[in-house]
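Work through the exercises below with the model open. Try each task before reading its solution.

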Amino acid sequence: MPEKIYIQWFRQDLRLADNPALSHAAESGSVIPVYILDQVHGGDHRPGGASRWWLHHSLKALDESLQGNLNVFQGDPKQILQSLLEKHRASGIFWNRCYESWSRNRDASIKQFFKEKGVEAESFNGSLLWEPMEVLKSDDTPYRVFTPFFRNACLNAPPPREPLPVPKNLSLLKSELSESVESLGLLPKVPWDRKIEPHWRVSEKGGQEKMLEFFEKGLMHYKESRNFPAKSYVSRLSPYLHQGQISSNQAWYGGLDKHSGKNLDHFLSQLGWMEFSYSLLYHFPDLPTKNLHRRFDAFPWNDDPKRLELWKKGLTGYPIVDAGMRELWQTGYIHNRVRMIVGSFLVKNLLLHWKHGERWFWDCLVDADLANNSASWQWVAGCGADAAPYFRIFNPVSQGLKFDPDGAYTKHYLPELKKLPGKYLFSPWEAPAEVLKDAGIRLGTDYPHPVVPLKESREKALEAFSMLPKTKSS
DNA sequence: TGAAATGTTGGGGCG
DNA sequence: ACGCCCCAACATTTC
């Protein structure tokens, strides 16, 4: 009797190691590994430009590690899976769970559809340490504050799955129905990806290397040094985690194996913040579009496309903000400290709605992740869970002086300011004419004047926030 | 995972 | 020696 055939449906788990669905499929029979670019669900939050670039290379790498047996499709997953199933007489289909509301609806419908046809359809937890449906307060409502979520609930729950090995003796099948990765058209038409390409090695192996490098060189300095964007003490694992080239479980246990103490605790709690974001997205499916604290619905946001454009291009006249926005454009990534600074600036100095920041990050970040991106923007704006209070407005001058003290980060992305002395690097408008001249800078020509005045814009924001209704509701 | 305004303290200069 | 002022250096509170 021939071996049974199963479909492994890859989604945000583009790896062979620690992949519960794949391991299960491999133990059950021959495997048809499948990726489907879903063109039906997701709406505005289908992968943005940078994510599509990442996805392209992810799929190429995955195909390679499957010896060219990855089957690639685009369209409606249910139809595609159905025709594959019929064509190859597969006995079942396995996948690791996603948590966006449309994914959950789609997957539930697919599962029901196949089960009714007598086909095995089973999903697994492949990407979270603790799944949202398991982490609730004692009254069965979701947590809205990080610390009790992580300390009391997660850390007291049963420990996460230990990473699984790459399945042995994978018996892979390639379907003649498969398209090529190229046919998905994930690469940009204008080749802007050349500038971000050198910064990343997009593959499961690249993720493993990045993780090991972080454990060897970064983690022991993590608590103190992760705030300094010129230093390489952050993990830069977020894009790999988003697309599933590495799993949180690998990062969690990898860290625990090699380290202990406060540096490790801070790294684990960063993984905890991702869990928290996923929990929020799961329990509050409107998180990407609606203020979690609804009293912010009345906020008098500015409508100012010109200022938004200056922010996007890194032309606000505030060097630490502009450096961050150019890092984003040039590398598809921003250091976390600088994300908070540029976010605070957009929302609190320019008074532009956080959704504009969310959209731009969604398109530009290689780690664009619905849960993390929307939870973080709401956090920055003050309307999110456990959010930065509205009055916490970052001063881009003092933040620059504090976290980029020698200016290395800022000067790297703003070479036009290379000769400006450190004292004025973060506030060039305050530099005496002589100093500017010596540095070869004509304000307004070589580098912009500040788009808004710092003090007044801060005061405006505080006033606007103070006008909001005080009612606490969600 | 702020910043600015306001309050407090203590040392030194000076009449 | 003493009071007074100035002000840096913290500490507290307010937004």
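The exercises go from the cores to single helices, then to loops, a cavity and three single residues.

This is a predicted model, in which local features need pLDDT of at least 70, side-chain atom pairs count only at pLDDT 80 or more, and totals for chains, interfaces and linings use all residues. Residues are numbered from 1 along each chain as its sequence is written, chains are lettered from A and ligands numbered from 1 in the order in which they are written, and side-chain values use heavy atoms, with hydrogens and water left out.

**Exercise 1. The cores**

Task: find the residues with the most contacts inside the largest nonpolar core.

Solution. Start with the terms. A nonpolar core is a set of buried Ala, Val, Leu, Ile, Met, Phe, Trp, Tyr and Cys residues joined through side-chain atoms within 4.5 Å. Buried means under 20% relative accessible area, exposed over 50%, and partly exposed in between (1.4 Å probe, protein chains only).

Next, the core itself. It has 104 residues, and Phe-267, Trp-311, Val-321 and Phe-361 have the most contacts inside it. Helix α11 (residues 262-283) gives the largest share of this core, 9 residues. Helices (H or I, at least four residues) and strands (E, at least two) are DSSP runs, numbered from the N terminus.

Now take Val-321. Contact means heavy atoms within 4.5 Å. Beyond residues up to four places away in sequence, Val-321 touches Trp-311, Thr-316, Ile-341, Val-342, Phe-345 and Pro-396. Another core lies apart from the largest one: it has 22 residues, including Ala-21, Leu-59, Val-181 and Leu-186. As background, nonpolar side chains tend to be buried together in soluble globular proteins.

**Exercise 2. Helices α14 and α1**

Task: compare the expected span of α14 with the distance between its end C-alpha atoms.

Solution. The expected span is 1.5 Å times one less than the number of residues. For the 14 residues of α14 (residues 336-349), that should be 20 Å. The end C-alpha atoms are 19 Å apart, which agrees. Then check burial: 13 of the 14 residues are buried, so α14 is largely enclosed by the rest of the structure. Just after α14, Leu-351 takes a positive phi of about 55°.

Task: list the buried residues of α1 (residues 20-28).

Solution. They are Pro-20, Ala-21, Leu-22, Ser-23 and Ala-25. Their cover includes β1, β2, β4 (92-96) and β5.

**Exercise 3. Positive phi in loops**

Task: place Gln-67 and say whether it is buried or exposed.

Solution. Gln-67 sits in the loop between α2 (49-65) and β3 (71-75). Its phi is positive, about 55°, although it is not a glycine. The relative accessible area of Gln-67 is 60%, so it is exposed.

Task: do likewise for Asp-140.

Solution. Asp-140 lies in the loop between β5 (120-124) and α5 (146-154). It is not a glycine, yet has a positive phi of about 70°. Its relative accessibility is 58%, so Asp-140 counts as exposed.

**Exercise 4. The largest cavity**

Task: give the volume of the largest cavity and describe its lining.

Solution. On a 1 Å grid over the protein atoms alone, a cavity is a set of points where a 1.4 Å probe fits but cannot get out; lining residues have an atom within 4 Å of a point. Grid points are joined across faces, edges and corners, and a volume is the space filled by probe spheres set on the points.

The structure holds 3 cavities of 30 Å³ or more. The largest has a volume of about 380 Å³. Of its 25 lining residues, Gln-12, Tyr-35, Pro-47, Trp-102 and Arg-106 are the closest to its centre. β2 gives the largest share of the lining, 4 residues.

Sort the lining by class: 12 nonpolar, 8 polar and 5 charged. Here Ala, Val, Leu, Ile, Met, Phe, Trp, Tyr, Cys and Pro count as nonpolar, Asp, Glu, Lys and Arg as charged, and the others, Gly among them, as polar.

**Exercise 5. Three single residues**

Task: find the contacts of Thr-331, Glu-182 and Gly-218 beyond four places in sequence.

Solution.
- Thr-331, in helix α13 (residues 319-331), is buried at 4% relative accessibility. It contacts Ile-196, His-199, Trp-200 and Tyr-413.
- Glu-182 is partly exposed, at 46% relative accessible area. It touches His-56 and Lys-60.
- Gly-218, in helix α7 (residues 204-218), is buried at 1%. It contacts Glu-213 and Tyr-233.

Methods: 1 Å grid on protein atoms, 1.4 Å probe; cavity = no way out; pocket = protein on both sides within 12 Å on 5 of 7 lines; lining within 4 Å.
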